[in-house]
Amino acid sequence: MVDEYKNSLDDRARKAREFFEAGKAAFEAGMWVKASTECQTALSYDSTNAEIKDLASRAYAKACAAKSGTAWQQGLYFESLGDRKGAAAQFREAATLAPENPDFTRKSAAYAFTDGDLKQARQWVLLSLQVRPDDPEAHSLLAMIYEAAGHLHNALRAAEKALTLAPARKDVQLLVARLK
């Protein structure tokens with residue numbers, strides 16, 4: 001019984017090493033999704049191995065960055081065709097995969113806002129502002145979201161912040177005037 005258990009552990013370690021080596025080779029070849037998949041499989045055999053965890057994390061980050069860039073480009077393409085639904089889905093995927101990218105999250109916020117999903121729009125724009133707090137466009141969008149939700153005091157604060165950051169923008173000047 002002890003020998004069977006030891007053989008089982010040895011087999012798991014061997015499989016973990018095989019998947020890890022395949023993941024490492026894929027990572028070195030720039031095949032991020034394959035590297036991430038192989039490393040995740042290796043982790044299922046040996047979840048305590050720090051080397052596997054590290055490579056799995058780095059491969060996953062690279063895979064997300066690559067996928068988010070592709071989704072962003074597809075969103076721009078759909079937008080150029082006038083396909084709002086397709087564009088919104090791609091921009092949302094890009095923002096989900098790379099929430100640290102303020103352009104992705106702001107664009108997703110704008111689409112959610114125009115689709116009437118104020119809660120999701122607010123969440124996306126707040127993510128954008130965490131990364132780029134001095135973005136007048138994001139503050140302006142936040143003001144419009146708050147205005148649509150009936151939170152006029154918050155809308156005015158956000159619009160005034162946008163105006164402070166970009167005093168020449170006529171749309172923001174009009175927004176502030178309307179909210180006062």
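**Exercise 1. Find which residues Gln90 is in contact with, leaving aside neighbours within four places in sequence.**

Solution. Start with the ground rules: the model is predicted, with local features needing pLDDT of at least 70, side-chain atom pairs counting only at pLDDT 80 or more, and totals for chains, interfaces and linings using all residues. Residues are numbered from 1 along each chain as its sequence is written, and side-chain values use heavy atoms, leaving out hydrogens and water.

- Step 1: locate Gln90 in helix α4; helices are DSSP runs (H or I, at least four residues), numbered from the N terminus.
- Step 2: look for contacts, meaning heavy atoms within 4.5 Å. Gln90 has Ala71, Gln74, Gly75 and Phe78 as its partners.
- Step 3: check accessibility. Gln90 has a relative accessible area of 15% and is buried (buried is under 20%, exposed over 50%, partly exposed in between, with a 1.4 Å probe and protein chains only).

**Exercise 2. Work out where the buried residues of α6 sit around its axis.**

Solution.

- Step 1: list the buried residues of α6, which are Ala121, Trp124, Val125, Ser128 and Leu129.
- Step 2: take the directions from the helix axis to the C-beta atoms, which define the arc. The buried residues cover an arc of only 140°, so they lie on the same side of α6.
- Step 3: turn to the face away from the buried side, where you will meet the exposed residues Lys119 and Gln130.
- Step 4: see what the buried residues of α6 pack against: α4, α5 and α7.

**Exercise 3. Trace the salt bridges of Glu137 and Glu147, and say which helices they join.**

Solution. Side chains of opposite charge can pair when their charged atoms come close. A salt bridge here is a side-chain nitrogen of Lys or Arg within 4 Å of a carboxyl oxygen of Asp or Glu.

- Step 1: pair Glu137 with Arg106, at 3.5 Å from N to O. Glu137 is in helix α7 and Arg106 in helix α5, so this bridge ties together parts 31 residues apart in sequence.
- Step 2: compare the two ends. Glu137 is partly exposed at 43%, whereas Arg106 is buried at 15%.
- Step 3: widen the view to the salt-bridge network that links Asp103, Arg106, Arg132, Asp135 and Glu137.
- Step 4: pair Glu147 with Arg178, at 2.7 Å from N to O. Arg178 belongs to helix α9 and Glu147 to helix α7, so this pair also ties together parts 31 residues apart in sequence.
- Step 5: finish with accessibility: Arg178 is exposed at 52%, and Glu147 is partly exposed at 24%.

Conventions
Helix = DSSP H or I, 4+ residues; strand = E, 2+ residues; numbered from the N terminus.
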